[in-house]
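User: I have a structure to go through. Please take my questions one at a time.
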Amino acid sequence: MNLVESILTKNPCYTAGKTITVKGLMLHSVGCAQPSASVFIKNWNKASYTSACVHAFIDGNDGTVYQTLPWNRRGWHCGKGTSGSSANDTHIGVEMCEPGSITYTSGANFTVSDAADAKAVAKRTYEAAVELFAYLCQKYSLDPTADGVIISHAEGYSRGVASNHADPAHLWKGLGLSYTMDTFRAAVKAAMGTASTETSSENAGSSSSGNSSSGTTISESSLPAVPFSVKVLISDLNYRGQPSMNGTVKGQTGKGTFTITEVSGGWGKLKSGAGWIYLLNTSYCTVGSTTGSSTTSSGSSSSVPYQVKVAISDLNIRSGPGTDHAKTGKQTGKGTFTIVEESTGTGSVKGWGLLKAYQSGRNGWVSLDYCEKV
């Protein structure tokens, strides 16, 4: 599972700061033809957006999970039910994005212009939701098959703890898929014990977890004595006023090599005094050796061109580096390809690579998460 932290820090639900004791998880789907999680994140991350706020969106294009609230923050995802109670007070709420090839006609009814695409999106989000819920059940010691632990928005309404919605089973049923909430709960149960996450951050420097076996995190005990150098691999690594994800973002480092003069809780203080950066996620920085000086540099974390091997048959080619760029309608297929340029972008932990065949127009990018360097 690719878990990207993109907290809606401007949304009034976040700034209200209320927390919950997590007793369950609620599964939603967005109820409109929009597969891109970034669209919702952009629109909802405003002080003026008082309608809703959820804990995560699952992108329909690639299955990336975008965490948009701290898991124990009280969300605004299901309203109040007929009992007068609300699962907002007890449940984490997760939205699955829906296919762009459906058109809603009335209520929960819709038509489909591309059934294969729509089913692929629904399958992608379902499977990502299974992984996410398995991870959260492990995190909060929840039994996914126990009564009321994992419920849909529709089931929440039936239980009197949510507003009257039909999601997400209406989508599966309308697409002729065999998924139900019962199959979902069973799949989560089966996935527990094997779930893993690879965590990155659109608001880089705020993540503090991940699957250590994936090579994306290191332990604080492995850091050298200060001062030491750190190489920043991405252009948008935030530095904060305090060594915490709750610290105020002061700016971004850009790519380069910097000197760390103090360490606290996995965060490193920049020699310039500008702020603190998170050190333990190797997706966006790597720690060097003890040093007495600071240098800066720029450029990609890898030398291009280089070749990659693609092991899946359906790796989408996009017009730009990110899931917020349109798919070209073409896929690489399995094989070996040449990458001539790298870029950061939404929806990929390792970044995006420009295919040599598209070099002249710079309009053929693939996620490097699905590529193995030859």
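Analyst: Strands here are DSSP runs of E with at least two residues, numbered from the N terminus. The model is predicted.

User: In which loop is R362 found?
Analyst: R362 has a positive phi near 50 degrees, and the residue is not glycine. R362 is partly exposed, at 40% relative accessible area. Its loop runs between strand 21 (352-355) and strand 22 (365-367).

User: Does S141 count as buried or exposed?
Analyst: S141 follows helix 3 and sits in the loop before strand 8 (150-152). Its phi is positive, near 55 degrees. Exposed means over 50% relative accessible area. S141 has 67% relative accessibility, so the residue counts as exposed.

User: What span does helix 3 reach from its first C-alpha to its last?
Analyst: Helix 3 covers residues 115-139, 25 in number. At 1.5 Å a residue, 36 Å is expected. The model comes close to that, at 36 Å.

User: Which element gives the largest share of the lining of the second largest pocket?
Analyst: This pocket holds about 420 Å³ of space. Of its 16 lining residues, those closest to the centre are N2, D62, G63, E131 and Y370. By class, the lining has four nonpolar, four polar and eight charged residues. Six residues, the largest share, come from helix 3.

User: What is omega for the cis peptide bond that joins D167 and P168?
Analyst: P168 lies in the loop between helix 4 (153-158) and helix 5 (169-174). The bond from D167 to P168 is cis, with omega of about -5 degrees.

Conventions:
Residues numbered from 1 in each chain as written. Predicted model: local features only at pLDDT ≥ 70, side-chain atom pairs only at ≥ 80, totals over all residues. Heavy atoms only, no water. Helix = DSSP H or I, 4+ residues; strand = E, 2+ residues; numbered from the N terminus. Expected span 1.5 Å × (residues − 1). 1 Å grid on protein atoms, 1.4 Å probe; cavity = no way out; pocket = protein on both sides within 12 Å on 5 of 7 lines; lining within 4 Å. Points joined across faces, edges and corners; volume = space filled by probe spheres on them. Nonpolar A, V, L, I, M, F, W, Y, C, P; charged D, E, K, R; others polar. Buried < 20%, exposed > 50% of the residue type's maximum accessible area, 1.4 Å probe, protein only.
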